[in-house]
Amino acid sequence: MKIIGQLIIMLLFTCKVNGGDQNHPTVHADSHAPIGVMGDHLHKKNEWMFSYRFMRMEMADNIQGSDNISSEDIVTTVPNRFFGQPMMPPTLRVVPQSMTSEMHMFGIMFAPNDDITWMAMLNVIDKTMQHLTFAGGKGKTPLGQFTSNSSGVGDFKLSALTSLYQDDLHKIHINMGLSFPTGATNNTDEVLTPMNMYVEQRLPYGMQVGTGTLDLMSAVTYSAHLDKLNLGGQINYTMPLESKNDQGYRMGDSFLATFWGGYAMSPKLSTSLRLIYRNSDKIKGLDSHIIAPVATADPNNYGGNNMSLALGINYVLQTGMFKGQRVALEYQSVLRQKVNGIQLKMSDMLSIGYQVSF
Ligand SMILES: [Cu+2]
């Protein structure tokens, strides 16, 4: 957190030096999409933008498909796909209870000309999962709880944004990018086994901070401004370009569609409402180091779809040394979800962001 504080101070200072230009156009609060949307705008020739976003996502309780399932039902009825291997019981014995994912996202945008804007992003990720282990090979007796933690730098992303159409009212652009496998896929932590031993193990897929594959990211974005009202939408598709990573698997393709509307109460302040639909496939392949009687160790228990609604607020500072800097917040809540197999239930997501261009 200290490093982030220093970085923000550095950015503020940079802006004071470069942002003093009185010819710089006034930035309005509603000139960008809600803060949870990535790559929603292009820049003018020679413009730079730095952004920092903090995202926090909470998950709790388990669902099978879209129905709740208790920890006791999981450990007595759900088969363990590793049954038959040494020390592996016939049913699952460890149940995730909750998960918190935090991301610090650093982004840079630069436009060498009016037709193309480059965007680079790097995330620092921190994931924590609470588990409940049940005693022995069968039964409903809890043994104890344990927490897994995994953190590090995620996958580095580089995209190019190009305008397809633009008039006074509407804009359409496409994003094409690559996600490079800079994030780790082999993080480990101590886990409590049903035999009451603490063992250092490779953490399941969802606890890793990278995908391990080179991924293609594509998106098309539409936005419109009508006086105090702004509307927009973005459709994203991400797919791995490799059939498997060094560990032997690949993440599923993912699709995201989002639509938003914003209202500017003043040039400084705007609010937004956004609908988000996500769909992702299960993991293909298997990491032979991930073997445990827990749902997260099975590649079939990944992917699914969900629909969320987000409320956002944007504020732009328009005078003084902070001129043109934008701070924004977006709070997302899941309306409905359906998962492949058994997974923790997504609940809320909070995004806080800071953007400055010069
Ligand atoms: Cu930008």
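Which residues have the most contacts inside the largest nonpolar core? They are I74, L92, A292 and V294, and the core they belong to has 19 residues. Please keep in mind that this is a predicted model.

**The nonpolar cores**

Two elements can be named as contributors to the 19-residue core: α2 (71-77) and β3 (94-110) each supply at least two of its residues. Apart from this core lies another one, made of seven residues, and L203, M207, L344 and M346 are among them. In soluble globular proteins, nonpolar side chains tend to be buried together.

L92 is a good place to start looking around. Setting aside neighbours within four places in sequence, L92 is in contact with I74, V75, V78, N80, P293, V294 and A295. Two of these partners, I74 and V294, are also listed with L92 among the residues with the most contacts inside the core.

**Two residues to compare**

P90 sits in the loop between α2 and β3, while S270 belongs to strand β14 (residues 269-280). Is P90 buried or partly exposed? P90 is partly exposed, because 13 other C-beta atoms lie within 10 Å and a residue needs 20 or more to be buried. S270 has 26 other C-beta atoms within 10 Å, so S270 is buried.

The table gives one C-alpha pair for each of these residues.

| Pair | Separation along the chain | C-alpha separation |
|---|---|---|
| P90 and N80 | 10 residues | 5.4 Å |
| S270 and K228 | 42 residues | 9.0 Å |

Not counting residues up to four places away in sequence, P90 touches P79, N80 and F83. N80 is thus shared, as L92 is in contact with N80 too. With the same kind of neighbours left aside, S270 is in contact with A29, D30, G262, Y263, A264, M265 and N314.

**Strand β18 and its partners**

Now for the strands. How many bridges pair β1 with β18? Strand β1 (residues 48-64) and strand β18 (residues 342-357) are antiparallel and share 14 bridges. One place to see this pairing is Y52, whose bridge partner in β18 is Y354.

β18 also runs antiparallel to strand β17 (residues 326-339), to which eight bridges join it. Here, L329 stands opposite I352 of β18. β17 and β18 form a hairpin with two residues between them, and G341 in the turn has a positive phi of about 65°. In a regular strand the side chains alternate between the two faces of the sheet.

Conventions. Residues are numbered from 1 along each chain as its sequence is written. This is a predicted model: local features need pLDDT of at least 70, side-chain atom pairs count only at pLDDT 80 or more; totals for chains, interfaces and linings use all residues. Two strands pair if DSSP finds at least two bridges between them. Helices (H or I, at least four residues) and strands (E, at least two) are DSSP runs, numbered from the N terminus. A nonpolar core is a set of buried Ala, Val, Leu, Ile, Met, Phe, Trp, Tyr and Cys residues joined through C-beta atoms within 7 Å. A residue is buried if 20 or more other C-beta atoms lie within 10 Å of its own, exposed if 12 or fewer, and partly exposed in between; C-beta atoms are placed from the backbone. Two residues are in contact if their C-beta atoms, placed from the backbone, lie within 7 Å.
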